[in-house]
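Q: Could you take a close look at the charged side-chain pairs of this model, and then place them among the helices and sheets around them? I would like one connected account, with the burial of the partners set beside the contacts.

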Amino acid sequence: MALFSQTSQQGFQALLWKCHMFWPVSRCRQLFAASFSIPIREKINCFSFMTSSSTALPVDPKETDVLPTKKRSEIDCKEEGWDEKTKEIPEEKSHFSSSVGAAKKWSMSRVLPRHKFSNVQPPEKPLQAEEWNKLREDFQLPEMFEEVMLNNMIRCNSPIDVAKSLLTHVAKRNGDIAYNVLVKYLTLCVRQGQVSEIRDVYDIMKVRFKTLESGAYNLLIRGLSNSDQWRMALTLLEEAKKIMIPSRTCYESCIEAASRHQEMKLAFELYHEMLAKDLVPTLDILQSFFNFSRGMKGAELQKQLFDILFYLRENQIYPHKTFMWSIKLWFESIPGGNWRGNLTKIKDSGQCPVCKQQLEDSNLTEEEYSNLSERIIRDVIHGTDTFRKTSPKEFEAFQTFVENRLPFDIVIDGLNVSHIKSRKMQCENLFDAVNCLAKENARLLVLGRKHMLMNSSNWKREIMKEMQNKADFFFAENISEDDAFLLYATLQSGKHCRFVTRDFLRDHKACLPDSVTRHLFRKWQRGHQIVFFPSADGKGIRFLPAFCYDCVVQTTGDTWHIPYKDVFEEKYSYQVPRKWLCIQQKL
Amino acid sequence: MQCANMLLRKIVRSSVLPFAAQHGMKKDLFLLSRTLSLSLCLKQDKACEPSEKLDLDEWKKVMKSGVQEEVSETVSEPKELSSLAAARETLEMWRLAGRAVPENISEEELKTFMECPSKSAKKKYLKYLHLKELHKKSHKRKMDEKRERRLEAQDQASNTDETKKSSFVYLSSRTMDKVYHWRAAQSMIFGQPLVFDMSYEKEMSVREVTNTVKQIVLGESCNRRTVDPFHIHFCNFKDDSLYHKEFVKHYREAWDKLLITVTDQCYTEIFPKDKLVYLTADSPKVMKKFDHDKIYIVGSMVDKSIKTGLSLARAKRLGLETAALPLEKYLLWSTGAKNLTLDQMMHILLTLKDTADWKKALEFVPKRKYCGFVNKPVKELKKTLDLINTLKTGKGMGRSRKAICQKPPQEVYTKAKVE
């Protein structure tokens with residue numbers, strides 16, 4: 001803050017006092033720091049030292065330093081560098097710097113640490129051109145000064161007038177302002193919602209440059225859509241379309257603006273337009289539809305919103321908590337709809353405790369089944385080269401092996417299961433698991449690798465022998481992928497067959513090239529994967545059964561069941577939410 | 001700030017502190033002004049507003065006025081730009097906005113840019129061009145400086161006016177080249193073959209292919225300079241493939257004079273199968289020592305996206321023996337993929353061939369990828385390493401695994417290593 005001519009520092013102090021009343025709280029703290037940082041001793045100094053020199057002013061750097069208190073301590077530790085001229089001055093006189101210029105430089109150095117631009121503290125008030133010049137000259141990279149300064153203004157959310165004074169200074173100096181500086185200024189305006197300024201900047205840009213680029217359009221659209229001139233944002237969106245595909249945040253701003261002003265039709269038009277452009281709508285867009293349609297009538301509108309729910313279903317998107325509330329409130333606000341929403345958890349049987357409705361089961365249709373098995377064989381097992389995961393010969397052998405022994409009830413990933421407890425021998429782990437699962441008289445298939453047959457410390461031959469009486473075993477080559485075989489065997493065995501592994505199968509899902517099949521794969525996985533873990537007492541193994549109901553947004557016409565996430569963050573695709581919103585229509 | 005001063009002056013004149021003002025004792029004035037500040041709060045004054053001098057919207061006027069002339073020239077003609085010109089405009093605006101965009105861009109590059117499938121691909125391509133441009137510029141600058149220095153040195157030398165006659169036999173680079181060529185020619189007849197498998201073009205992007213060729217060129221040049229070079233074979237090499245184009249770009253007319261064997265045949269057709277060893281990082285077998293009777297195959301592929309098992313699949317299909325470098329055995333691996341660049345491979349193989357010293361050979365593995373050499377096999381050091389890790393992180397392997405068990409099930413990769 002040593003931006004003020006020395007003569008007026010004290011006056012500024014007084015001003016700061018005054019401004020306490022009008023400035024936001026966050027500023028207040030800084031100001032307090034500034035105005036109370038004058039040590040008592042120094043006040044006395046003012047009386048005790050009287051010099052004839054008019055320039056010998058009490059210059060306590062702290063006094064002019066309006067850095068936040070937190071930062072001050074850091075700087076105090078680092079910067080004990082007195083100006084050379086003041087070095088010789090004895091302790092008690094050190095408040096008097098020998099020349100104004102030196103004092104200025106001194107305090108400049110505390111405002112601008114030499115290594116980091118992010119610590120540049122923008123001034124609190126508009127400055128005169130010469131003051132800016134001074135600052136600029138003291139800055140280590142003068143050509144970057146405006147940019148750095150504006151960046152920091154954006155960071156500190158400085159008053160817009162300060163930025164204006166900087167622009168004025170730049171304009172006077174160069175007769176022109178660079179585009180990137182304008183964009184930065186625009187960012188500041190957008191942050192503070194200065195609509196008239198945004199318009200002015202747009203007008204200037206329009207005249208000065210033939211086209212604008214995406215960044216500026218994004219900012220302009222976002223800034224204007226939050227104002228009463230939101231229609232202008234729409235025209236800007238049209239303009240932006242000529243040179244690029246607008247980002248989804250542009251659409252988001254426009255759609256939210258339109259729906260805020262109850263122009264639902266327009267909002268939905270924009271929404272479909274962005275879907276047609278292959279943009280993935282943000283959840284905020286979808287949520288805003290529900291928020292702003294609250295209490296509105298209209299069959300068409302209802303259909304559109306139901307379509308959004310189906311969109312969630314198709315893409316296996318789980319809304320987060322706040323979004324879920326928007327949906328619930330919208331349903332309950334439908335005039336004459338008699339919808340009631342409740343939050344609940346679905347039982348393992350797949351029954352909703354609130355409306356006693358049985359949820360959709362997780363089974364795929366015959367067509368989906370055959371489709372998925374085909375894709376698994378084609379993309380996961382063979383891929384670009386069959387030799388990458390197996391070999392044609394081995395795969396054929398496996399196929400005949402499975403066909404001769406079909407159908408299995410449970411397919412086990414032997415190696416994965418064998419690692420369940422690190423303290424135990426691997427073959428014992430597998431033995432426990434096989435025993436656990438064999439109790440129910442199920443037909444088991446265990447997949448392993450050939451090295452399991454070699455008698456070693458981890459794989460005892462006797463135990464392996466015993467296991468082979470209880471389950472069928474297939475040993476793949478040591479350098480083959482056994483997971484692909486696991487998927488294939490399970491799919492071949494049919495709907496009732498489950499598989500056991502702790503693997504999330506992400507890499508196999510990634511082999512499937514299109515999202516439709518990937519979703520299908522996930523659905524199938526949810527319904528057929530048994531996950532196991534050591535039980536709490538550390539003795540046995542516990543299994544998490546596969547879901548018997550499907551975990552997606554679903555409806556029966558007079559009920560809706562919507563799974564939702566607790567937090568906003570994206571869940572992994574293999575995790576499914578346990579909480580549900582049950583909405584039923586009381587007729 | 002003047003506003004504050006003016007305000008003060010007003011106060012001063014308004015009889016509060018006449019004596020102070022007259023005497024010019026500003027200290028007193030300021031001191032008193034501080035006491036006055038409270039009363040200032042009560043006044044609704046205009047001190048906060050900028051003074052008349054500072055017109056905040058002046059920049060707008062400047063901008064608009066400065067533009068008037070330009071506008072008269074370029075009355076924005078509402079004609080449709082061609083897509084190329086439009087792209088150029090966009091790039092220019094991005095550059096002004098301070099993005100990483102090259103200043104000059106050729107038609108060809110512009111077309112490549114427009115063919116990029118996604119926004120992020122476009123961004124990456126532009127950044128690449130931008131960096132390339134910067135490198136070029138700095139290189140040029142350095143060259144200019146060097147030239148100036150040389151000229152200065154020459155001036156000084158001419159001043160001294162002494163023709164230095166050294167008694168050393170002067171070896172010109174041409175002589176050296178001749179020696180290298182003789183050696184390469186010898187290796188063509190007697191040298192141990194080293195095969196580069198050129199069948200990966202389909203699996204690579206254009207940029208990966210160019211990088212591959214660059215690496216091979218580096219490898220070839222260091223092979224030429226050794227005492228006992230390999231006889232390099234490019235197998236499965238298709239003429240007018242992308243590889244070919246890139247090689248010609250690098251070697252120009254020297255391409256046809258290179259002392260290597262280039263063939264479109266597969267290595268299995270040229271060499272006996274039992275002598276071939278395919279080097280691949282995915283191989284379960286670890287190379288124990290360099291065998292002078294074997295013919296090693298290196299897959300010429302740069303793999304920026306993780307395509308595991310491609311070269312292993314090739315070897316499996318042809319039923320060839322495979323091997324991986326014993327990186328685990330000799331190095332404490334820290335980060336990075338175990339697949340090395342082709343020139344590094346070349347260096348390592350050449351060193352092995354000459355010295356059979358693994359430690360020396362593995363010097364060519366980038367230093368960032370490992371922490372140090374190991375005298376004992378890593379397996380025996382496992383306990384020590386675990387201990388070190390325990391001390392570092394404050395939790396041991398066993399315990400952390402236990403913690404995992406109580407969490408929701410985690411993915412466990414259970415790919416047992418084959419000894």
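A: A salt bridge here is a side-chain nitrogen of Lys or Arg lying within 4 Å of a carboxyl oxygen of Asp or Glu. The model is a predicted one, and by this criterion it holds 42 salt bridges over all chains.

A useful pair to begin with is A:Glu332 and A:Arg340, whose closest N and O atoms are 3.9 Å apart, a value to be read against the cut-off of 4 Å. A:Glu332 has a relative accessibility of 26% and therefore counts as partly exposed, and A:Arg340, at 42%, is likewise placed in the partly exposed class. The sequence around this pair includes helix H18 of chain A, which spans residues 321-333 and contains A:Trp325, and strand E1 of chain A, which covers residues 339-345. A:Trp325 is itself partly exposed, because its relative accessibility is 36%. Together with A:Leu329 and A:Leu343, A:Trp325 makes up a nonpolar patch on the surface, and the accessible area of the three residues comes to about 250 Å².

Strand E1 of chain A leads on to the sheet in which it takes part. The sheet is open and has four strands in the order E1-E10-E9-E8 (chain A), paired in the antiparallel sense. Strands E1 and E8 (554-555) of chain A stand at its edges with a single partner strand each, so one side of each is left without a neighbour in the sheet. At the E8 end, two bridges join E8(A) to strand E9 of chain A, residues 559-564, and the two strands run antiparallel. Within that pairing, A:Thr555 has A:Trp560 in E9(A) as its bridge partner.

A second charged pair offers a contrast in burial. A:Lys164 and A:Glu197 form a salt bridge in which the closest N and O atoms are 3.1 Å apart. This contact links distant parts of the chain, since A:Lys164 belongs to helix H9 (residues 160-174) of chain A and A:Glu197 to helix H11 (residues 195-208) of chain A, with the two positions 33 residues apart. A:Lys164 counts as buried because its relative accessibility is 9%, and A:Glu197 counts as buried because its value is 5%. For each of these two residues the relevant threshold is a relative accessible area under 20%.

In a third pair, the side chains of A:Lys424 and A:Asp432 meet with a distance of 2.8 Å from N to O. The relative accessible area of A:Lys424 is 30%, so this lysine is partly exposed, and A:Asp432, with 24%, is also partly exposed. Charged contacts can extend beyond a single pair as well: A:Arg375, A:Arg378, A:Asp379 and A:Asp514 are linked in a network of salt bridges.

For the wider setting in chain A, another open sheet has six strands in the order E4-E3-E2-E5-E6-E7, and its pairing is mixed. Its edge strands are E4 (472-476) and E7 (541-544) of chain A, each of which pairs on one side only, and the twist from one strand to the next averages 25 degrees. Inside this sheet, strands E5 (residues 498-500) and E6 (residues 529-534) of chain A run parallel and are joined by two bridges, with A:Ile530 in E6(A) serving as the bridge partner of A:Val500.

Chain B gives a strand whose side chains can be followed one by one. From strand E4 of chain B, residues 276-279, B:Leu276 and B:Tyr278 point one way while B:Val277 and B:Leu279 point the other way, and all of them are buried. Such alternation between the two faces of the sheet is what a regular strand shows. E4(B) pairs in the parallel sense with strand E5 (residues 295-299) of chain B over four bridges, and with strand E6 (residues 321-323) of chain B, again in the parallel sense, over three. B:Val277 has a bridge partner in each of these neighbours, namely B:Tyr296 in E5(B) and B:Glu321 in E6(B). An unreviewed UniProt entry places the feature "domain: SAM-dependent MTase TRM10-type" at residues 180-372 of chain B. That span is 39% helix and 16% strand, and its end C-alpha atoms lie 34 Å apart.

Conventions:
Residues numbered from 1 in each chain as written. Chains lettered and ligands numbered in written order. Predicted model: local features only at pLDDT ≥ 70, side-chain atom pairs only at ≥ 80, totals over all residues. Heavy atoms only, no water. UniProt positions renumbered as here; feature names shortened; annotations may be inferred. Patch = residues over 30% accessible without salt bridge, like charges linked within 9 Å, V, L, I, M, F, W, Y side chains within 5 Å. Areas by Shrake-Rupley, 256 points an atom, 1.4 Å probe, with all protein chains shown as cover. Buried < 20%, exposed > 50% of the residue type's maximum accessible area, 1.4 Å probe, protein only. Pairing = 2+ DSSP bridges. Axes fitted to C-alpha atoms, helices over the stretch in contact; angles between N-to-C directions.
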